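Student: Could you take me through one part of this protein in detail? I'd like to see how a single helix sits in the whole thing.

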Amino acid sequence: MSDKSQTKFGKLVGLKPDTSIKTEIIAGITTFFAMCYIIFVNPDFLSGKSAHPAIFNAAYIGTIIAAVIGTLLYAFLAKKPFAQASGMGLNAFFMVSFMFAVGDPYVNYGAGLVIILISGLIFLLLSVTGLRSYIAKSLPDCLKKSIPAGIGLFIAFIGLQGAGISVDGATLVCLPDLRNWAVAGPVLAALLGLISIVIFNKVGTGWMKKASIVLGILVSTVLYYLFTWTLPEFELGQIGQSFQDFGQYGFSVFKPESWKVAFDGVTFGSIFSVIMLIVTFCLVDMFDTIGTLYGTCAQANMLDKNGDPEDIEKCMLCDSIATAAGSMVGVSTVTTFVESASGVAEGGRTGLTALTTAALFAICLVLSPIAGIIPGVATAPALIYVGLLMLKNFKAVDMEDLSSALPAFIALIVMPLTYSISNGIALGAISYVLIQLFTGKYSKKDIVVTVIAVLFILRYVLVPAM
């Protein structure tokens with residue numbers, strides 16, 4: 001790496017003598033392809049499963065802009081290899097809470113964005129005062145170690161679903177009918193892609209080894225189109241309409257009617273219900289972000305001597321600003337993506353990884369069909385592989401001490417089985433506090449985790465579970 005890059009551009013994104021520009025760019029590309037599905041999935045949720053095309057178009061553009069803003073914050077403010085976009089689960093909660101509420105969906109859409117903006121401002125206040133990072137650092141050691149592993153299982157489960165290996169069935173989840181080649185073909189493409197990642201990693205050298213995940217994605221992509229005997233489809237005609245609808249609905253948070261409906265005490269229930277909605281979005285985003293940071297930083301060896309993510313205050317600040325900014329461009333809560341771990345596994349360590357990811361998102365504003373060429377079954381192997389890597393963190397849990405082992409196990413298993421990082425942290429925290437209380441081990445250091453547990457209990461009692 002040249003001295004010039006270190007003194008100018010390198011300083012902007014946190015490059016160090018032991019980092020490689022090539023590796024960082026490859027890592028950014030990997031992260032993008034692992035999470036670019038959000039470009040299409042998020043608008044679908046925010047528009048009520050495509051029931052309102054104009055909102056879909058507005059949210060499509062807004063999703064990309066929010067991802068660019070959030071990821072650039074990581075690139076230049078925190079100088080970390082993480083990416084942000086509207087969070088899965090939170091967008092579904094937005095749909096159920098706001099788009100399916102009484103009244104005009106287009107007005108409710110704007111009112112829902114008001115709720116997101118307020119929650120984002122609360123995130124920002126907690127981040128600036130340091131309370132948010134203090135909460136994160138106060139987590140018990142057993143939960144800190146189990147959270148990365150739980151996220152690994154969660155990521156792998158998402159990958160198995162994306163590959164078509166895990167599907168709905170009489171037993172909740174099961175294998176699909178592989179006698180049907182239309183089903184078996186994509187599954188086989190994903191499995192061979194996963195195997196190729198390991199092969200490239202084991203026998204490859206230099207760039208081939210470092211780019212094993214990207215190469216695996218490319219292998220799965222090629223095999224997918226061969227096995228399904230299809231060609232990529234390009235749909236450029238909707239780009240102009242998308243920008244037009246974004247101009248009309250993307251900035252709905254600034255409309256007086258949106259604020260009026262948000263607090264009318266009818267549309268979304270009583271004022272107390274609205275307050276709990278704000279609290280819920282705060283809690284879910286806070287612990288999804290905390291969990292993701294612990295998981296990805298552990299994978300990248302970016303934890304400090306206390307086992308906490310480096311520069312966690314800056315990371316939290318990036319997340320809170322992105323949430324507020326996302327609401328202003330028409331999308332639900334923006335959060336750090338667990339798929340960032342795929343880029344970290346590829347060697348990403350600095351803000352250049354995030355900058356690369358943001359640049360690819362920006363390109364999708366006018367060239368979105370290119371991102372659509374990569375099918376879900378092609379990114380699935382990357383998620384499964386990363387999940388495998390992150391699972392090793394659980395071995396650090398003291399399994400001989402059941403007072404630590406049980407909360408750790410609950411956090412580990414609840415995340416994938418409830419499709420929620422925050423649920424895993426919540427039930428892990430609740431079980432930890434109860435065990436400490438009834439075994440006489442409760443101490444002053446457990447006060448913060450107790451507050452977390454109580455808040456989650458209130459959330460489950462007062463607000464419908466997601």
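**A close look at α19**

Tutor: Sure. Keep in mind that this is a predicted model. The protein chain has 22 helices and four strands, and the one I'd pick is α19, residues 376–390.

Some background on the whole chain helps. A compact globule of 466 residues would have a radius of gyration near 23 Å, and the protein chain comes in at 22 Å, so the two agree. Along its principal axes, the C-alpha trace spans about 60 × 55 × 55 Å. Of the 466 residues, 57% count as buried. As for contacts between residues at least 6 apart in sequence, 78% of them join residues at least 24 apart.

Now zoom in. Helix α19 is 15 residues long and reaches 21 Å from its first C-alpha to its last, close to the 21 Å expected at 1.5 Å a residue. What stands out is the burial: 12 of those 15 residues are buried, so α19 is largely enclosed by the rest of the structure. The buried set takes in Val-377, Ala-378, Thr-379, Ala-380, Pro-381, Ala-382, Leu-383, Ile-384, Tyr-385, Val-386 and Gly-387, plus Met-390.

And what does the enclosing? The cover over these buried residues includes α3 (21–35), α9 (141–162), α10 (181–203), α12 (212–228), α15 (271–299) and α17 (340–345). If you colour those helices in your viewer, you can see what α19 packs against.

Note on methods:
Residues are numbered from 1 along each chain as its sequence is written. This is a predicted model: local features need pLDDT of at least 70, side-chain atom pairs count only at pLDDT 80 or more; totals for chains, interfaces and linings use all residues. Side-chain values use heavy atoms; hydrogens and water are left out. Helices (H or I, at least four residues) and strands (E, at least two) are DSSP runs, numbered from the N terminus. The radius of gyration is taken over C-alpha atoms; the globule rule is 2.2 Å times the number of residues to the power 0.38. Buried means under 20% relative accessible area, exposed over 50%, partly exposed in between (1.4 Å probe, protein chains only). Contact means heavy atoms within 4.5 Å. The expected span of a helix is 1.5 Å times one less than its number of residues.
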